[in-house]
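Here are a few exercises to work through with the model open beside you. Try each task before you read its solution.

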Amino acid sequence: MSDHANSNWDRGGPAPRRLILLDRDGVINFDSPAFIRSVSDWRPIPGALEAIARLHHRGFQIGVCTNQSGIGRGLLTEATLLEIHARIDRELAAMGAGIHAWRYCPHLPEAGCSCRKPRPGMLLDLIATFAANAADTCFVGDSLRDLQSAQAAGCEPVLVRTGHGQAAEAEARSSGVTRIYDDLQAFATAEIEALGKPADGLQHK
């Protein structure tokens, strides 16, 4: 498992809200069966970066956990992966926002590592890094392995219908996943709206 942090993370200010973990391909950007091999291959899903910025501005901590076996397959280098993530960081910085920490697994599926989803290694690492409560942390993904890694880590699994999400929806529902959104923007709206509701879900005057 490899990691890097966003140097723009401001550790000062008010106490942060809960930790939100995101998959990358199919959630933040369009996926490709040929892998995202270069900065020029990377294309954001409409509204995804704006959704991250909205969450950032409302005080949520945001981390990304992404399988990147293209590195193990020799399709891209870790340096290229960091260039792609740097571009994402720059686009978010232009909105006054950012991703607080990245985790990526460069290993092949047969490597048997603890970090490749559906194993929970990356999620558990970020939960520990942020001293977060796993039960109060959610992981947003577009595949069954994302949801399985969330459940293995004790997090709340969230599915978006972008990427592979539509194909995974029926099985996700049958496994008990109840939070399903069209895209990251719809998820962000739900999270932000929930800030105005008391813990018991009732509106008190």
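**Exercise 1. Check the length of helix α2 (residues 78-93) against its expected span.**

Step 1: helices are DSSP runs of H or I with at least four residues, strands are runs of E with at least two, and both are numbered from the N terminus. Step 2: the expected span is 1.5 Å times one less than the number of residues. Step 3: α2 has 16 residues, so it should span 22 Å, and its end C-alpha atoms are indeed 22 Å apart.

A word on ground rules: this is a predicted model, where local features need pLDDT of at least 70 and side-chain atom pairs count only at pLDDT 80 or more, while totals for chains, interfaces and linings use all residues. Residues are numbered from 1 along each chain as its sequence is written, and side-chain values use heavy atoms, leaving out hydrogens and water.

**Exercise 2. Find buried residues in α2.**

Step 1: buried means under 20% relative accessible area, exposed over 50%, and partly exposed in between (1.4 Å probe, protein chains only). Step 2: T80, L81, I84, H85, I88, D89 and L92 come out buried. Step 3: an α-helix has 3.6 residues a turn, so residues three or four places apart point the same way.

**Exercise 3. Describe the largest nonpolar core.**

Step 1: a nonpolar core is a set of buried Ala, Val, Leu, Ile, Met, Phe, Trp, Tyr and Cys residues joined through side-chain atoms within 4.5 Å. Step 2: the largest one has 33 residues, with L22, I28, I52, I99, V140, L184 and F187 making the most contacts inside it. Step 3: the largest share, five residues, comes from α1. Step 4: take I52 and skip its neighbours within four places in sequence; I52 then has contacts (heavy atoms within 4.5 Å) with L22, I28, I62, L92, G98, I99 and L184.

**Exercise 4. Place β5 among its partner strands.**

Step 1: strands pair if DSSP finds at least two bridges between them. Step 2: β2 and β5 pair in parallel over three bridges, with L22 opposite V140. Step 3: β5 and β6 also run parallel, joined by four bridges, and G141 sits opposite L159. Step 4: look at the faces of β5: C138 and V140 on one side, F139 and G141 on the other, are all buried.

**Exercise 5. Classify the aromatic pair.**

Step 1: rings of Phe, Tyr and Trp (its six-membered ring) pair if their centres lie within 6.5 Å; planes under 30 degrees apart are stacked, over 60 edge-to-face, the rest tilted. Step 2: Y181 and F187 have ring centres 5.9 Å apart and planes at 70°, so they're edge-to-face.
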